Amino acid sequence: MSVTHPGEPHHASLGERLNWLRAGVLGANDGIVSVAGVAVGVAGATPDRSAIVVAGVAALVAGALSMAGGEYVSVSTQRDTEQAALRLEKYELETMPEAEEKELAGIYEEKGLSPGLAAEVAHELTENDALEAHAEAELGIDPDDLTSPWHAAWASLVAFTVGGLLPLLAIALPGVSVRVWSCAAAVVVGLVLTGVVSARLGNADVRRAVLRNVGVGALTMLVTYLVGVLFGVTTG
């Protein structure tokens, strides 16, 4: 019977969970900041609601597809690398099993086991599931829990869309005099939420995550708004 401590991530699919978390949080943050930056920048240049909405929707669609495609390519490359490493390990186990078992024992010796105990552990693990034992010890890979490019892509697509809709609606619905402030408030709320969620799920410091998210979002909106204002003044 395994014994775990409360609050520690002893979950069999921790890698997959972190993969989803990374893609989801990055997607939501990028959606909020990217769409808000474009919408606020256009709002700084023109009060035309239709121009702001068109720019915001274009940023939302392009960003969501870009995020999903980027995650799919990135994670596919990672998965291909993992599968190639597993194929090589399987070949070595078939062609030189004794050398591989000694190598596994050496790994456990480096972790602090005595030579005799390390050899015994390596032998028993090899007898049980040689590929899994070597993949975990040598490569840090679970052959039964490889990262999924489709999961990462869909998580990014959905998260970016949800995140991007928040500033888009906040700047499109209110009147001209308050639309930028409304968008800014929505962005702050959204980034606080993603910061809290990511910190809680990843057992990280909440305040640091929130400050980082809000700081980046505020800087982005400020810069893009000023660029929009300068562009509007120049062309007006």
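Here are some short exercises on a predicted model of a protein chain, each with a worked solution.

## Exercise 1: The overall layout

Work out what kinds of elements the protein chain has, and how much of the chain is buried.

**Solution.**
- Step 1: Start by counting elements. The protein chain has seven helices and zero strands.
- Step 2: Put them in order. Reading from the N terminus, you get α-α-α-α-α-α-α.
- Step 3: Now look at burial. The chain has 236 residues, and 37% of them count as buried.
- Step 4: Turn to the outside. About 13,500 Å² is exposed, with carbon and sulfur atoms supplying 66% of that area.
- Step 5: Finish with contacts along the chain. Take those between residues at least 6 apart in sequence: 75% of them join residues at least 24 apart.

## Exercise 2: The largest nonpolar core

Find out how many residues the largest nonpolar core has, and which element gives the largest share of them.

**Solution.**
- Step 1: Count the members. This core has 13 residues, and Ile171, Cys183, Val187 and Met221 have the most contacts inside it.
- Step 2: Ask which helices feed it. α1 (14-45) and α6 (179-201) each supply at least two residues of the core.
- Step 3: Pick the main contributor. That's α1, with six residues, the largest share.
- Step 4: Zoom in on one member. Skip the neighbours of valine 187 within four places in sequence, and its contacts are Ile32, Ala36, Pro167 and Met221.
- Step 5: Check for another core. There is a second, separate one of eight residues, and Ala105, Tyr108, Ala133 and Ala137 are among them.

## Exercise 3: A nonpolar patch on the surface

Work out which residues make the nonpolar surface patch, and decide whether Trp154 is buried or exposed.

**Solution.**
- Step 1: List the residues. Tyr72, Val73, Trp150, Trp154, Val158 and Val162 make a patch of about 640 Å².
- Step 2: Match them to helices. α2 (49-95) and α5 (149-172) are the elements giving two or more residues to the patch.
- Step 3: See who gives the largest share. α5 does, with four residues.
- Step 4: Place the tryptophan. Trp154 is found in helix α5.
- Step 5: Classify it. The cut-off for exposed is over 50% relative accessible area. Trp154 has 51%, so it counts as exposed.

## Exercise 4: Two serines and an arginine

Decide whether Ser76, Ser148 and Arg179 are buried or exposed, and find what surrounds each one.

**Solution.**
- Step 1: Recall that buried means under 20% relative accessible area.
- Step 2: Try Ser76, which is found in helix α2. Its relative accessible area is 14%, so it is buried. Not counting residues up to four places away in sequence, Ser76 touches Glu71 and Pro149.
- Step 3: Next comes Ser148, in the loop between α4 (115-139) and α5. Its value is 13%, so it is buried. The side chain of Ser148 reaches the backbone nitrogen of His151 at 3.2 Å.
- Step 4: Last is Arg179, found in helix α6. With a relative accessible area of 3%, Arg179 is buried.
- Step 5: Look around Arg179. Leaving out residues up to four places away in sequence, Arg179 touches Pro47, Arg49, Ile52, Ala170, Ile171 and Pro174. One of these, Ile171, you met in the largest nonpolar core.

## Exercise 5: Far along the chain, but how far in space?

Find the C-alpha separations for Ser50 with Ala172, Val53 with Leu169, and Pro97 with Thr126.

**Solution.**
- Step 1: Begin with Ser50, which lies in helix α2. Ser50 is partly exposed, with 45% relative accessible area. Ser50 and Ala172 are 122 residues apart along the chain, and their C-alpha atoms are separated by 8.4 Å.
- Step 2: Move on to Val53, placed in helix α2. Val53 is partly exposed at 28%. Its C-alpha atom is 8.7 Å from that of Leu169, 116 residues apart along the chain.
- Step 3: Check what Val53 touches. Residues up to four places away in sequence don't count here, and the answer is Leu168 and Ala172.
- Step 4: End with Pro97, found in helix α3 (residues 97-110). Pro97 is partly exposed, with a relative accessible area of 42%. Between Pro97 and Thr126, 29 residues apart along the chain, the C-alpha separation is 9.2 Å.

Technical notes:
Residues are numbered from 1 along each chain as its sequence is written. This is a predicted model: local features need pLDDT of at least 70, side-chain atom pairs count only at pLDDT 80 or more; totals for chains, interfaces and linings use all residues. Side-chain values use heavy atoms; hydrogens and water are left out. A nonpolar core is a set of buried Ala, Val, Leu, Ile, Met, Phe, Trp, Tyr and Cys residues joined through side-chain atoms within 4.5 Å. Buried means under 20% relative accessible area, exposed over 50%, partly exposed in between (1.4 Å probe, protein chains only). Contact means heavy atoms within 4.5 Å. Patches are made of residues with over 30% relative accessible area and no salt bridge: like charges are joined within 9 Å, nonpolar side chains (Val, Leu, Ile, Met, Phe, Trp, Tyr) within 5 Å. Accessible areas come from the Shrake-Rupley method with a 1.4 Å probe; for residues, only the protein chains shown count as cover. A salt bridge is a side-chain nitrogen of Lys or Arg within 4 Å of a carboxyl oxygen of Asp or Glu. A polar contact is a pair of N or O atoms within 3.5 Å; within protein, one must be able to donate a hydrogen and the other to accept it, and residues adjacent in sequence count only if both atoms are side-chain atoms.
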